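This report goes through one protein chain, from its overall make-up to single residues with unusual backbone geometry. Please keep the sequence and the model in view while reading.

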Amino acid sequence: QRQVSVVSMPEIVPGVDFNTVAREWRCKWSADNEKASLAAAQACLLEAKPALSAVPGLKDMKRVVCGGCLDFKVIVALDAEAFGAWEEKGFAPEADFLAKLGGIPGITQVETQTYTFMDA
């Protein structure tokens with residue numbers, strides 16, 4: 001007889017549960033100077049990538065770029081159980097990354113957001 005373990009997932013309301021929590025870093029970039037701000041934002045991400053890759057509980061890391069609305073987004077997704085520990089550490093290297101991003105000419109609207117993921 002097989003035993004099946006049931007994993008309990010956090011639930012926002014009945015039927016709305018999740019197993020992944022993500023932190024999004026986003027900004028707007030400028031098409032000026034042959035999109036130099038976008039290239040600089042990507043360089044900042046490449047610099048932060050080793051530290052992000054070492055975050056315990058990391059499930060996924062994505063970069064989103066929209067050429068129409070000039071969005072640059074980094075989404076760092078963690079196991080729900082591991083997210084609190086990363087939050088307690090200030091989402092490192094978030095502060096450094098956002099400071100560098102905000103210092104790039106042509107970058108505006110530097111923001112963050114936390115949200116959950118679950119396969120639909």
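## Terms and model

A residue is called exposed when its relative accessible area is over 50%, and buried when that area is under 20%. Gln109 shows how the cut-off works: its relative accessible area is 51%, so Gln109 counts as exposed. The model is a predicted one.

## Overall make-up

The chain contains three helices and six strands. Along the sequence they follow the pattern β-β-β-α-β-β-α-α-β. A box of roughly 65 × 30 × 25 Å, taken along the principal axes, holds the C-alpha atoms of the chain.

Of the 120 residues in the chain, 32% are buried. Among contacts between residues at least 6 apart in sequence, 69% join residues at least 24 apart.

## The four-stranded sheet

Strands pair in a sheet through backbone hydrogen bonds, in either a parallel or an antiparallel way. In this chain, four strands make an open sheet with the order β4-β5-β3-β6, and the pairing is antiparallel. The edges are taken by β4 (58–66) and β6 (108–117); each has a single partner strand, so one side of each lacks a neighbour in the sheet. With direction ignored, neighbouring strands of the sheet are turned by 15° against each other on average.

Which residues stand opposite one another in the sheet? Several pairs can be named, going from one edge to the other. Between β4 and β5 (residues 71–79) there are eight bridges in the antiparallel sense. Leu58 has Leu78 of β5 as its bridge partner, and Lys62 is placed opposite Ile75 in β5. The hairpin of β4 and β5 has four residues between the strands, and Leu70 in this hairpin takes a positive phi near 60°.

The pairing of β3 with β5 is antiparallel over nine bridges. Here Arg23 is partnered by Val76 in β5, and Thr20 by Asp79 in β5. On to the other edge, β3 and β6 pair over eight bridges, again in the antiparallel sense. Glu24 stands opposite Gln113 in β6.

## Burial of the strands

How many of the nine residues of β3 are buried? Eight of the nine are, and β3 is mostly covered. In β5, seven of the nine residues are buried, so this strand is largely enclosed by the rest of the structure.

## Helix α1 and its neighbours

Helix α1 lies across β3 (20–28), β4 and β5. Relative to β4, α1 runs at about 180°.

Two packed helices are described by the angle between their axes and by the distance between those axes. For α1 (residues 32–53) and α3 (residues 94–102), the packing angle is about 160° and the axes are 10 Å apart. This angle makes α1 roughly antiparallel to α3, since angles over 145 degrees count as roughly antiparallel. The crossing of the two helices, α1 and α3, is right-handed.

Which residues make up the contact of α1 with α3? From α1 come Ala41, Cys44, Leu45, Glu47 and Ala48, and these meet Phe97, Lys100 and Leu101 of α3. By type, the contact residues divide into six nonpolar, no polar and two charged.

## Unusual backbone geometry

Ala92 and Pro93 are joined by a cis peptide bond, with omega at about 15°. Pro93 is placed in the loop between α2 (80–88) and α3.

Glu34 is not a glycine, yet it has a positive phi of about 55°. Glu34 is part of helix α1. Is Glu34 buried or exposed? Glu34 is exposed, and its relative accessible area is 79%.

Gln109 is another residue other than glycine with a positive phi, here near 50°. Gln109 lies in strand β6, which is one of the edge strands of the sheet. As stated under the terms above, Gln109 is exposed, with a relative accessible area of 51%.

Notes. Residues numbered from 1 in each chain as written. Predicted model: local features only at pLDDT ≥ 70, side-chain atom pairs only at ≥ 80, totals over all residues. Heavy atoms only, no water. Axes fitted to C-alpha atoms, helices over the stretch in contact; angles between N-to-C directions. Parallel < 35°, antiparallel > 145°, perpendicular 65-115°, else oblique. Left-handed = near helix turned anticlockwise from the far one by under 90°. Contact = heavy atoms within 4.5 Å. Nonpolar A, V, L, I, M, F, W, Y, C, P; charged D, E, K, R; others polar. Pairing = 2+ DSSP bridges. Buried < 20%, exposed > 50% of the residue type's maximum accessible area, 1.4 Å probe, protein only.
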